[in-house]
Each structure stands twice: as C-alpha cells, then as structure tokens.
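Work through the exercises below with the structure open. Try each task before reading its solution.

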Amino acid sequence: MSDKMKKEAKVLSQKMISEGIYDLWLETAMAEKVKPGQFVGVYPANKSTLLPRPISICEVDKEKSAIRLVYRVVGSGTAEFALYQQGDYIMILGPLGNGFPLDKAIGKNVVLIGGGIGVPPLLETAKRLKENGKSAKVSAVMGYRNADTFLTEEFEKYAELYVATEDGSLGTKGNVIDAMKEQKVPCDVIFACGPMPMLKGIKEYASSINAKAYLSLEERMACGVGACLGCICKTKEIDEHSHVHNARICTDGPVFDADDLDL
Amino acid sequence: MTLSSDKVCLSIKKVSMKMNTEVEIAGVKFKNPVMTASGTFGSGMEYADFVDLNKLGAVVTKGVANVPWPGNPVPRVAEVYGGMLNAIGLQNPGIDVFIERDLAFLGKYDTKVIVNVCGKTVEDYLEVVERLADQPVDMLEINVSCPNVKEGAIAFGQNKDALFDITSRIKAKAKQPIIMKLSPNVTSISEMAKAAEAAGADAISLINTITGMKIDIHKRKFALANKTGGMSGPAIKPVAVRMVYEASHAVKIPVIGMGGIATGDDAIEFIMAGATAIAVGAMNFHDPYCTEKVVEGIEQYMEKYNVSDINELRGIVE
C-alpha cells in the first residue's frame with residue numbers, strides 16, 4: 001500500500017493573496033507524508049463535477065498536520081474552492097506524484113525557478129533545502145506578470161530571491177531566464193515549475209550552461225493515480241508503463257529530469 | 001436501545017440472512033456482479049492502493065493490442081457536466097509486457113480476470129487472443145467500440161456485418177468465452193446485440209462511451225487534441241440503462257451493463273434493466289474506492305428489500 005488516500009480535510013484558513021490567487025491551509029493526516037513538489041487532487045462539492053483538480057502543495061506544517069495550497073481561480077471548480085472558509089471540509093486525494101529530487105542539490109548551487117502559478121510548490125522545496133543546509137547556495141528566481149506578486153517575502157526567508165516581471169514593474173523586465181542572466185545567478189541545478197514555454201526555455205538554458213534541470217509539468221488529468229493514461233508527456237526513452245514514449249505526469253512525475261523529456 | 005446493541009442486532013441479521021451475490025456468465029462464476037470498466041482501472045495495480053481487489057467480481061483490464069500503442073496527443077481528457085470526455089487512444093504496452101507484468105500481478109488475487117482486447121485489423125485481435133489462450137484469463141472482452149482510434153475498434157462495431165464477421169472469427173480461435181463490447185454510437189443496439197449473439201458471442205457488454213465534443217470558448221480550441229472524445233460518467237447513465245434494457249430483450253446471452261454507475265443503487269438499476277453483471281467506469285476517477293462501495297451498496301439494497309439472490313432481480317422490470 002502507498003501513502004495515497006482520499007479523505008476530507010478541514011479548512012484552517014483561506015485568503016486571497018493576489019488578484020485571483022488564493023492561499024488555503026488544510027488540516028490533513030497527509031501532511032506527515034508530503035514531499036516538496038507533490039500535489040493533491042481537490043474535489044469540488046458540486047455534484048456536476050467528476051474529476052479532482054490537481055493542485056501543488058505549497059507548504060507543509062507537520063506540527064499542525066496541515067498543508068498549504070496556493071492556487072489560481074481558473075474555472076468553476078477553483079471558483080468553488082475560493083468560497084471555502086475556516087471550519088469547512090473539502091475532499092482531497094493525495095499525496096500524489098514524485099516531488100523534487102532534493103538529493104540532486106547536495107553540494108550544488110541550486111536555483112528554484114517559478115513562473116506564475118508554478119511558484120507555489122517551490123516554497124516548501126526552498127524551505128527543506130534551507131533546513132537541510134546541504135546545498136552550496138539556494139537561489140530563487142520567480143517570474144510574474146507585474147508587481148502584483150505573491151509569496152516573494154516568504155521565499156526571502158529561505159533563498160536569495162530574484163524577481164522578473166513581464167512589464168518590468170518589479171525586478172528584471174522580462175522572463176526568469178533574463179533575470180538569471182542579468183543577475184548572474186550561480187547555477188548547477190534547477191528545480192522549476194511554470195508554463196510550458198518557460199520550461200522549454202529553461203531546458204535549453206540549462207544545457208547551454210551545463211546545469212541539470214528538473215521540471216515539474218502540468219497536464220489535464222482524470223484519475224491522478226496513473227490508471228487512466230490521460231496526463232502523459234513525451235519522453236526520449238520508452239516508458240516503463242506502456243513501453244512507448246509516454247510518461248505519466250501524475251505518477252512518474254510531475255517532476256522530470258529535463259534530459260529525459262522530449263518537450 | 002443503545003448504539004452497540006443496535007450493531008449486534010444488525011450483525012445477527014446479517015448472519016441469519018444468507019445472501020447470494022454470485023452470478024454466472026458462460027460457465028464462469030463471479031463472486032458478485034461488480035466489475036471494472038475497461039480503461040478506467042488499468043490492470044488494477046494503481047487501484048490496489050485503495051481497493052481490495054479480492055472483493056470484486058472481476059477486474060476487466062485496459063485494452064491490450066498485439067504491439068505497444070502510443071495513443072493520442074494531449075489533452076486527452078476534459079470534464080463535462082456530470083461526466084467527462086476522453087480520447088486516450090488505447091495507449092497500451094502490447095501483449096508481451098501485459099502477460100509478463102499485468103497478468104502476473106492479477107494472478108495474486110482471488111478475482112476473475114477479463115482481458116479487453118483491441119486491434120487495428122482482425123489479425124491483430126486474433127494474435128492477442130491466441131497469445132492469451134494458455135494464460136490465466138477467465139474471459140476475453142473484445143473491444144469493437146473505442147471511438148478514439150482511427151483504425152479498428154469502432155470500425156468493427158458500427159456495422160452489423162463487420163461485427164458478425166469479427167465475432168465469428170475470434171470465437172473460432174478463442175480458448176476463453178468472449179464478450180463483445182458494444183458501442184452506443186449506433187442506430188439500433190438490438191441489431192448489434194443480435195449480430196454478436198448470432199456470431200457466437202458468449203456475452204455482450206455495453207455501453208462504451210458516447211462520442212462527444214467540447215470547445216474551449218476562451219482559447220477558441222477543441223478541449224481535446226483528438227477533437228472528439230468518448231463521454232462517460234453519471235450523465236450518460238439513463239442512455240446506458242435504456243440500451244442495456246433493449247439489448248437484454250433482444251438476445252439470450254448475458255449482458256454486462258455499464259455507463260455512469262456510481263453506487264449500489266445504480267448497479268441494481270442496471271440489473272433490473274436486464275444486466276447479469278455491471279461495471280464501474282469513470283467513477284473510479286472520482287472515487288478510487290468506488291468499486292468496493294458499489295459491492296457494499298448492492299448488499300445493503302438486498303438486505304433492505306430482503307432479496308436472497310441477486311439473480312432474482314435481473315430483468316425484473318418488464
């Protein structure tokens with residue numbers, strides 16, 4: 001048996017922290033087991049919906065048996081989640097996926113790169129890297145549309161933070177790679193999460209500077225546990241499950257070695 | 001009465017009432033009528049984390065072909081009101097890996113194994129069927145109804161002559177009893193059921209998914225890369241119940257019913273429509289514990305209405 005479970009979680013708090021971005025703390029026995037970079041499936045209570053919404057775990061508080069989800073409202077499911085208040089219950093499935101390989105950052109200059117709603121799962125990652133103290137240096141490069149950022153103050157506690165904004169209203173004007181270059185961020189290993197164009201750019205950039213990159217991917221999912229084969233990504237080698245070139249993002253990922261992916 | 005004595009009474013009642021949930025299809029006995037719908041449960045490995053597979057009547061595996069199939073591009077799934085669309089495209093590892101890994105895994109459990117077989121040509125199907133001849137497999141389910149692949153599958157299931165032809169050719173080679181899995185995307189399900197029966201099918205299962213489409217109006221794109229996909233989930237249940245009713249009245253061979261089953265009550269509805277067994281499909285994605293809950297729900301219904309044998313309920317509405 002794995003650690004996966006589907007269970008009700010109690011809402012401890014929820015607030016909006018940026019336009020359309022919500023910060024939700026849930027009390028759940030899963031907290032004990034969570035690895036940074038894993039995600040949960042969150043079920044809307046609305047009976048017309050069937051599928052859990054995959055949402056990355058932003059932070060864990062083991063003492064309070066709590067996990068934190070920071071998510072963007074993108075449809076009717078997440079719009080429902082935004083209405084939840086302290087004391088409400090919400091059904092979740094997890095913990096799902098593999099998480100970031102923290103051991104790859106031992107003795108290395110590690111850079112956490114997040115874009116938009118890809119920023120949250122890197123917070124717990126930064127926290128654990130800081131706690132274990134095994135990396136040479138932990139930097140974080142976060143990309144946002146504009147100065148309406150979120151979680152930046154928290155990243156500053158665990159990492160050297162650099163910000164990029166599309167409109168240049170804060171930090172480097174441009175994308176996360178522009179910020180990496182402009183700030184000459186020392187980099188041997190990258191842990192990244194964000195939109196596909198950003199991840200493709202990071203894969204190229206990493207290979208140009210001889211760094212390793214581990215990318216967290218996102219795709220439309222149904223089961224979340226590796227059975228339905230809905231959320232596949234293309235891989236260079238044949239995959240273990242179907243012996244084609246399709247890894248399952250929900251179970252083989254969401255974090256992949258960039259060198260193994262055919263993006 | 002205290003809660004604990006209430007519990008004692010209930011357990012006494014359970015012991016005193018002998019319930020039979022066993023059903024039989026083509027000589028194969030299933031401990032209960034609950035199966036998994038092909039493609040929604042893998043080969044059970046992923047769901048064994050949640051469900052005791054020993055409690056299920058049968059595990060019906062994801063379709064397997066003679067060679068590995070890569071399936072369709074993503075996005076492959078989309079949610080719709082009361083259900084979902086999928087266009088996985090029958091991604092599977094091929095029969096070699098399937099026998100070595102998936103059948104070896106299922107062999108550890110006390111449940112019946114039904115292997116769903118797919119192919120692009122009749123020869124592909126026959127190759128898989130022959131490879132399975134000496135394997136620990138109880139029945140074969142022949143997929144002639146997947147709407148998401150360009151060759152094979154549904155091409156055999158939408159024309160009664162093609163269905164008769166493939167059914168008789170597979171029946172001639174198969175060592176295990178065969179179930180033909182029918183598509184709802186036909187004019188007359190009764191005609192298709194009769195064609196399968198006339199060609200020698202031991203049973204039929206229905207419904208596969210209903211072809212649908214979803215457009216993302218914000219992105220001005222199809223929600224699925226394949227444009228169309230198969231719809232499943234609770235929203236299709238009334239269509240499935242109607243088709244199970246029609247098919248079971250058209251043929252004498254057993255019918256396995258599926259389409260949006262979420263609870264024991266849903267399962268009973270299909271059985272009353274004429275199904276001998278039922279399968280849980282898309283609802284596995286909603287609730288990984290669903291199959292076991294359906295088994296329990298059936299027992300609760302039988303207890304409540306004092307039904308001693310599940311077979312008494314089959315086709316009870318005329």
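**Exercise 1. A helix in chain A**

Task: In this predicted model, find the buried residues of helix H4 (residues 176-183) of chain A, and say how they are arranged around the helix.

Solution:
- Step 1. List the buried residues. They are A:Val176, A:Ile177, A:Ala179 and A:Met180.
- Step 2. Look down the axis of H4(A). The buried residues fall within an arc of 160°, so they line one face of the helix.
- Step 3. Recall the general rule. An α-helix has 3.6 residues a turn, so residues three or four places apart point the same way.
- Step 4. Find the packing partners. The buried residues of H4(A) pack against four strands and a helix of chain A: E7 (109-115), E8 (137-144), E9 (160-165), E10 (172-173) and helix H5 (196-208).
- Step 5. Step past the end of the helix. Just after H4(A), A:Lys184 has a positive phi of about 50°.

**Exercise 2. Two domains of chain A**

Task: Describe how domain 1 of chain A meets domain 2 of chain A.

Solution:
- Step 1. Set the bounds. The domain assignment places domain 1 of chain A at 5-96 and domain 2 at 102-260.
- Step 2. Take the spacing. Over C-alpha atoms, the centres of the two domains lie 21 Å apart.
- Step 3. Count the contact. Domain 1 of chain A gives 21 residues, and domain 2 of chain A gives 19 residues.
- Step 4. Name the elements on the domain 1 side. Strands E1 (5-18), E3 (39-43), E4 (53-61), E5 (66-72) and E6 (89-96) of chain A give two or more residues each. The largest share, 6 residues, comes from E4(A).
- Step 5. Sort that side by class. It has 14 nonpolar, 4 polar and 3 charged residues.

**Exercise 3. A helix pair in chain B**

Task: Decide whether H7(B) is roughly parallel or roughly antiparallel to H8(B).

Solution:
- Step 1. Take the geometry. Helix H7 (residues 237-250) and helix H8 (residues 264-273) of chain B pack at an angle of about 30°, with axes 8 Å apart.
- Step 2. Apply the cut-off. Angles under 35 degrees count as roughly parallel, so H7(B) is roughly parallel to H8(B).
- Step 3. Find the residues that meet. From H7(B) come B:Lys237, B:Val241, B:Val244, B:Tyr245 and B:Ser248. From H8(B) come B:Asp266, B:Glu269, B:Phe270 and B:Ala273.
- Step 4. Sort them by class. This contact has 5 nonpolar, 1 polar and 3 charged residues.

Terms used:
Residues numbered from 1 in each chain as written. Chains lettered and ligands numbered in written order. Predicted model: local features only at pLDDT ≥ 70, side-chain atom pairs only at ≥ 80, totals over all residues. Domains from an automatic or database assignment. Contact = placed C-beta atoms within 7 Å. Nonpolar A, V, L, I, M, F, W, Y, C, P; charged D, E, K, R; others polar. Axes fitted to C-alpha atoms, helices over the stretch in contact; angles between N-to-C directions. Parallel < 35°, antiparallel > 145°, perpendicular 65-115°, else oblique. Buried ≥ 20, exposed ≤ 12 C-beta atoms within 10 Å, placed from the backbone. Arc of directions from axis to C-beta.
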